[in-house]
Amino acid sequence: MVRIKFVTDKDRVKGNYLLATKTVVRRLKGQIFEITERDVKLLDENKILYRVLPIPEPGEADQAVRNPLTLSP
């Protein structure tokens, strides 16, 4: 799986439509899309601009959100 974000709103609209009609796409918060390697080639063939984003390691997101408990004496 690859996570991408489209460069412009125009690319996002065109890319979202193309992916939704030709394949299965997973849309995440923040206009981030999760697609397969094969779908990357589809975007490239249609000259739709995007940036590849890193996928966080399992547990990283949990640690960023989790707050330690504090006890009052």
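**Notebook: strand β1 and its sheet**

I began with V2 and found that its bridge partner in β3 is I35. The model I am reading is a predicted one, and I keep that in mind for each entry below.

I then looked up how β1 and β3 are joined, and I noted three bridges between these two strands, which run antiparallel.

On the β4 side, I noted that strand β1, residues 2-6, pairs with β4 in the antiparallel sense over four bridges. Going through individual positions, I found that R3 has L53 as its bridge partner in β4, and that K5 stands opposite R51 in that strand.

Next I asked in which order the four strands lie in the sheet. I read the order as β2-β3-β1-β4, in an open sheet with antiparallel pairing. The edge strands are β2, residues 26-28, and β4, residues 50-53, each of which pairs on one side only. I also looked up the turn between neighbouring strands of this sheet, which is 35° on average when direction is ignored.

I turned after that to helix α1, residues 9-22, which packs on the sheet and touches β1, β2 and β3, the last of these spanning residues 32-35. The direction of helix α1 makes about 140° with that of β1.

My remaining question was why β1 is described as largely enclosed by the rest of the structure. Four of the five residues of β1 are buried, so the strand is largely enclosed; the cut-off behind the word buried is under 20% relative accessible area.

As a reminder for reading such strands, I wrote down that side chains in a regular strand alternate between the two faces of the sheet.

Notes. Residues numbered from 1 in each chain as written. Predicted model: local features only at pLDDT ≥ 70, side-chain atom pairs only at ≥ 80, totals over all residues. Heavy atoms only, no water. Pairing = 2+ DSSP bridges. Axes fitted to C-alpha atoms, helices over the stretch in contact; angles between N-to-C directions. Contact = heavy atoms within 4.5 Å. Buried < 20%, exposed > 50% of the residue type's maximum accessible area, 1.4 Å probe, protein only.
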